[in-house]
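Here is a short report on one protein chain. Keep the sequence and the structure in view while reading.

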Amino acid sequence: MATQAEKEAVVQEILDFFQKDGQYGVETCVTQMEHACQAAKKAVDAGSSEDLIIAALLHDIGWKLAMASSVDSDVPNGSPLVSQESLAQRLGILTVCNVGGASLEQQRAQHDVVGAAFLRMRGFREEVAHLIEGHVLAKRYFCYKDPAYREGLSEGSKRTLQFQGGPMTAEEAHIFEKDPLFEDCMRLRRWDESAKVPNLPVPPMESYRVMMLRTIANAPRTAKEIQSCYMRSGNTLVGVAA
């Protein structure tokens, strides 16, 4: 069980990630923080559980972990050097997610598994990580069920779909439909799609601090000590843990 100090440290780490904000994709006019807070507000408005609200807030945290990282250096001007090694790589997440050696672009495309692994390592309840890992599976499911949905994706989303495994097969869709959190994964994907409105007033990320604290249950773990709820062969979904 996580101590209060451990919980506080994790939440502050996450808030600090988003303070170093960036644009959410090249095809949108919102930042990653704005996108996160809009998605969380949609979950709140729908009367969702705290696990689903925090999953909506943090569903794209894998993007933060898949960026080239800054490291301290002794260069003359005192500026940090930018390493091509991502934080996900440094934490050992890529190895346990079976994407070792992935480019930064591929890591960002697979932000679902990267982000879910990170939150498991930081002690969040399994339901939060499960939903975050499931929101890209929901995208693949929608693409399988409705070809028009796939055609309606942005060019960037179509490109990341290639890294994510493409539309599901009929067998994968059948497995995913048996996921106990299937419906919430689908809701999260819909909120993700629509949370891209420029200059929309929504509560700030800081307002979710206490809720985030409540969704942390476990002490911090290493990448080798966690396990995904989804069973995969490459990008192919082959099962869901009971």
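## Helix 11 and its surroundings

In this predicted model, helix 11 spans residues 155-164, and its buried residues are Ser157, Leu161 and Gln164. These three lie on the same side of helix 11 because they cover an arc of only 65° around the axis. The other side of helix 11 carries Glu155 and Gln162, which are exposed.

What covers the buried residues of helix 11? The cover includes helix 7 (104-109), helix 8, helix 9, helix 10 (147-151) and helix 13 (182-194).

Just after helix 11 comes Gly165, with a positive phi of about 110°. Pro167 follows in the loop between helix 11 and helix 12 (170-177). Is Pro167 buried, partly exposed or exposed? Its relative accessible area is 25%, so Pro167 counts as partly exposed; the buried class ends under 20% and the exposed class starts over 50%.

Pro167 also has partners elsewhere in the sequence. Leaving aside residues up to four places away, Pro167 touches Arg140, Cys143, Tyr144, Arg150, Leu161 and Glu172. One of these, Leu161, is among the buried residues of helix 11. Another is Cys143. Pro167 and Cys143 are 24 residues apart in sequence, yet their C-alpha atoms are 5.0 Å apart in space.

## A second loop

Asn199 sits in the loop between helix 13 and helix 14 (209-214). Asn199 is not a glycine, but its phi is positive, at about 60°. With a relative accessible area of 68%, Asn199 is exposed, because the cut-off for that class is over 50%.

## Pocket and cavity

The table sets two spaces side by side.

| Space | Volume | Lining residues | Lining by class |
|---|---|---|---|
| Second largest pocket | about 460 Å³ | 23 residues | 10 nonpolar, 8 polar, 5 charged |
| Largest cavity | about 30 Å³ | 10 residues | 6 nonpolar, 3 polar, 1 charged |

Take the second largest pocket, with its volume of about 460 Å³. Which lining residues are closest to its centre? They are Val96, Cys97, Asn98, Val113 and Arg232. Helix 8 (111-121), helix 9 (126-145) and strand 3 (230-233) each supply at least two residues of this lining. Helix 8 and helix 9 also help to cover the buried residues of helix 11.

Now the cavity. A search of the whole structure finds 1 cavity of 30 Å³ or more. Closest to the centre of the largest cavity are Phe18, Gln32, His35, Ala36 and Asp60. Helix 2 (32-45) and helix 3 (50-58) each give at least two residues to the lining of the largest cavity. Which helix gives the most? Helix 2 does, with 3 residues.

## The chain as a whole

The chain has 14 helices and 4 strands. How much of the chain is buried? Buried residues make up 47% of its 242 residues. The accessible surface of the chain comes to about 11600 Å². Carbon and sulfur atoms account for 52% of that surface.

Contacts can also be sorted by sequence separation. Take those in the chain between residues at least 6 apart in sequence: 70% of them join residues at least 24 apart.

Methods:
Residues numbered from 1 in each chain as written. Predicted model: local features only at pLDDT ≥ 70, side-chain atom pairs only at ≥ 80, totals over all residues. Heavy atoms only, no water. 1 Å grid on protein atoms, 1.4 Å probe; cavity = no way out; pocket = protein on both sides within 12 Å on 5 of 7 lines; lining within 4 Å. Points joined across faces, edges and corners; volume = space filled by probe spheres on them. Nonpolar A, V, L, I, M, F, W, Y, C, P; charged D, E, K, R; others polar. Buried < 20%, exposed > 50% of the residue type's maximum accessible area, 1.4 Å probe, protein only. Contact = heavy atoms within 4.5 Å. Areas by Shrake-Rupley, 256 points an atom, 1.4 Å probe, with all protein chains shown as cover. Arc of directions from axis to C-beta.
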